[in-house]
Amino acid sequence: MGYCRLSPSSEPKSKLRQRFKVDRPISPPEKNDKITITIHLTPFNRAALVLSIISIQIIVHLYLSTLYFSAGDGFLPLIPASSVSTSCKEGLVYVYDLPKSFNTDLLRGRDALDNRFMIEETYSNDGFGPQVSSDFASIIPSRFLSAWYATDQFAAEQIFHRRMLYHPCRTFDPTIATAFYVPFYVGLAVDRHLWNLAATPEQRDQDCSHLLRWLQDQPPFRRSNGWDHFLTISRITWNFRRHPGESWGSSFLVMPEMQNVTRFIIERSPWDNMDVAIPYPTSFHPHSAMQLQDWQNFVLEQDRRTLFGFAGAARPKIRGDFRSLINRSCEEAGSACRSVDCSDIKCLHGSADTLELFLDSDFCLQPKGDSPTRRSVFDCMIAGAVPVFFWRETTRGQHSWFFPKEGEEDEWSVFIDRKKVRRGIVNVRKVLEGIGEEKLRKMRERVVDMIPWLIYAAGARGLGEGMEDAFDIALKGIFARFKEQQKRWR
Ligand SMILES: *[C@@H]1O[C@H](CO)[C@@H](O)[C@H](O)[C@H]1NC(C)=O
Ligand SMILES: *[C@@H]1O[C@H](CO)[C@@H](O)[C@H](O)[C@H]1NC(C)=O
C-alpha cells in the first residue's frame with residue numbers, strides 16, 4: 001500500500017497510551033528534602049542559553065501546529081490533508097463528519113433503551129476494550145501481554161473509524177476523494193432494539209432512516225448514487241435484512257438507498273455483493289510489526305500436547321444439535337481432546353481459557369454457530385491452530401479478501417463431512433490423527449503466515465514497517481473496487 005509514512009517523532013500520543021496508569025502514585029517529596037542547584041554562568045553564556053531555549057520553543061511550536069488540529073469532538077488528533085499528497089496512489093478516503101448521535105453518542109447511551117450492560121467499558125480503548133493482564137500472565141510470555149485486550153466480537157465499527165481518521169491517505173477535500181467513509185455505528189444503533197420484542201419496525205429502523213436522509217443531502221452521495229461510499233457493520237448481516245412482515249432486526253440493508261453502498265461486515269450475505277466480509281475482531285492487537293512477528297514465531301514453535309480442542313456452547317436441548325455431537329467426539333477422544341464450555345458468558349470477550357486451549361491444540365473444531373461464521377475460527381488461527389470445518393459456508397464466499405484463494409482451503413484447514421460424523425462413519429479423532437506430522441507442520445505454517453491479515457493492529461496507524469493488517473487489506477480492496485465500479489456511474 002502506498003504509505004506516506006511520517007517519522008516516528010511525529011506520532012501523536014494515542015489515547016491508548018494516555019490511558020496507561022501508574023500502579024502506585026508517586027509519593028510527594030517531603031518538605032525538608034528541598035534541593036537547590038545553583039549554576040554560575042557568565043553574562044554571554046546566559047544570553048546564549050536564553051536564546052537557544054527560545055528558538056527551540058519556536059521550532060517545536062511551528063512543528064506541532066502543522067501536525068495537529070483539533071478533531072472538534074476531542075476524539076482524536078487529525079492529520080492534515082496536506083501531508084498526504086504524494087504517495088497515496090491507490091486513492092484518497094474522505095471521512096464524513098457525522099452528527100455524534102450516529103456514532104460516539106451511541107456508546108454513551110441516549111435513553112432508557114441504552115441501559116446495556118457495561119457498554120462504555122466494553123468498547124473502551126477505541127473499541128478494543130480493557131487490557132487484560134492477570135489471567136493471561138500464566139499463559140503467554142509477558143512481552144505479549146500489552147497486545148491482549150478483552151475485545152468484544154462486535155467492535156469493528158469503532159476499530160475501523162479510528163483507523164480511517166488516522167489514515168495517511170485521508171483527505172479533507174471531498175472533490176478529490178476516491179472513497180467516502182460513513183462512520184455510522186449501525187450495529188450499536190440496531191442493537192438498542194434487537195432483543196426488545198415490543199419494538200416496532202419504525203423504532204428498529206429509526207437511526208438508519210435518519211442516517212440515509214442525512215446522507216442523501218450530501219453532494220458526493222448524490223453524484224455517485226452511493227457507488228463510492230462504504231461503512232462498517234459490527235454485527236452479522238442477518239440483523240439488517242428485515243423484510244415486511246418479519247419482526248427481527250432492522251431493514252437497513254434492504255433499504256433502496258443502501259443498494260449501491262459497500263459494507264464491511266463480519267458475516268456477509270452470499271447473495272449480496274455489496275457485503276464484504278471482514279475478520280471478526282479478536283482480542284489480539286499487536287502494537288508493532290515486530291511484536292506480531294515475535295508472536296508468529298512463538299505460536300509456530302509452541303509445544304502442543306492436545307490433538308484437538310473445542311470451545312463453544314453445546315445446545316443439548318436442540319434435538320440432533322451438532323455441537324453436542326462434537327462435544328461427545330471430544331469426550332470419547334480422551335486425552336487427545338479438550339474443551340472449554342462457553343455456555344455462560346465466559347468466552348464472550350476472548351477468554352484466557354480459550355487462548356490456553358488453542359495454544360495447546362494442533363486442531364480446533366469449528367462447527368457453525370447460530371450462523372455459518374464464528375469468531376472462534378479467528379481466535380483459533382491467531383493461536384496457530386488449524387481449524388476443522390464441518391460446513392462449507394463457514395469459509396466459502398465469506399472472508400475471501402483475507403483468506404487464500406478459494407479451493408486452497410486444504411492447505412490451511414481440514415474439512416470433515418458432518419453427515420458422516422452424524423452417521424458414525426467418520427471419527428473426528430481418527431481423521432486428525434491420520435494427517436501426519438509433516439502435513440500438519442505445513443498447515444500450521446500456512447495458518448501462522450495468515451495471521452497479519454486476520455488481526456487489527458493496536459496502533460492508530462497500523463503495524464508499521466510496511467506490514468499490512470486486516471484494516472489495510474480492507475481499505476486497499478475498497479480503492480480497487482471503487483475504481484472498478486466507476487464504470488457504472490461515471
Ligand atoms: C444505484 O446505481 C444505479 C446506477 O448508477 C442507479 O441507477 C440507481 O438509481 C442507484 N440506486 C439508488 C438507490 O441510488
Ligand atoms: C460437554 O459435555 C460435558 C458432559 O456432558 C459437559 O460437562 C461439558 O460442559 C460439555 N462441553 C461443552 C463445550 O459443551
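Trainee: Which residues are around ligand 1?

Mentor: Keep in mind that we're looking at a predicted model. The shell takes in a pair from the loop between α8 and β4, N225 and G226. The full set around ligand 1 is N225, G226, P256, E257, Q259, N260, R488 and W489.

Trainee: And how does that shell divide by class?

Mentor: Go through the classes for ligand 1: two residues are nonpolar and two are charged. The polar class has four residues.

Trainee: Is G226 buried or exposed?

Mentor: G226 sits in the loop between α8 and β4. Count C-beta atoms inside 10 Å of its own and you get 23 neighbours. The cut-off is 20 or more, so G226 counts as buried.

Trainee: Which residues is G226 in contact with, leaving aside neighbours within four places in sequence?

Mentor: Two of the partners, E257 and N260, are also around ligand 1. Q216 is 10 residues away in sequence and 9.0 Å away in space, C-alpha to C-alpha. The contacts of G226 are F221, E257, N260 and V261.

Trainee: What is the phi of N225?

Mentor: Most residues other than glycine have a negative phi. N225 is not a glycine, yet its phi is positive. This residue lies in the loop between α8 (219–224) and β4 (229–233), and with 14 C-beta neighbours inside 10 Å it counts as partly exposed. Its phi is about 55 degrees.

Trainee: N125 has a positive phi too; how many C-beta neighbours inside 10 Å does it have?

Mentor: N125 belongs to the loop between α4 (119–122) and α5 (156–166), and its phi is near 50 degrees. It counts as buried, a label that needs 20 or more neighbours. The number for N125 is 21.

Trainee: Where is E246, and is it buried or exposed?

Mentor: E246 is placed in the loop between β4 and β5 (262–265). P201 is 45 residues away from E246 in sequence, with 8.9 Å between the two C-alpha atoms. E246 has 10 C-beta neighbours inside 10 Å, and 12 or fewer is the cut-off, so E246 is exposed.

Trainee: Over to ligand 2: which elements give two or more residues to its shell?

Mentor: Start with the residues around ligand 2: F310, G312, A313, A314, N327, S339 and D341. They divide into three nonpolar, three polar and one charged. The elements giving two or more residues are β7 (306–312) and β8 (337–341).

Trainee: How are helices α9 and α15 oriented to each other?

Mentor: Two packed helices are described by the angle between their axes and the distance between the axes. Here the axes of α9 (residues 289–301) and α15 (residues 437–454) come within 10 Å and cross at roughly 160 degrees. Angles over 145 count as roughly antiparallel, so α9 and α15 are roughly antiparallel.

Trainee: What is the handedness of that crossing, and which residues make the contact?

Mentor: The crossing of α9 and α15 is right-handed. From α9 the contact uses L292, Q296, V299 and L300. On the α15 side, the residues are R444, E445, V448, I451 and P452.

Trainee: Last one, on the whole chain: what share of the contacts with a separation of 6 or more comes from residues 24 or more positions apart?

Mentor: The protein chain has 16 helices and 11 strands. Of its 490 residues, 39% are buried. For the contacts you asked about, the share is 71%.

Technical notes: Residues numbered from 1 in each chain as written. Chains lettered and ligands numbered in written order. Predicted model: local features only at pLDDT ≥ 70, side-chain atom pairs only at ≥ 80, totals over all residues. Axes fitted to C-alpha atoms, helices over the stretch in contact; angles between N-to-C directions. Helix = DSSP H or I, 4+ residues; strand = E, 2+ residues; numbered from the N terminus. Parallel < 35°, antiparallel > 145°, perpendicular 65-115°, else oblique. Left-handed = near helix turned anticlockwise from the far one by under 90°. Contact = placed C-beta atoms within 7 Å. Near = placed C-beta within 6 Å. Nonpolar A, V, L, I, M, F, W, Y, C, P; charged D, E, K, R; others polar.
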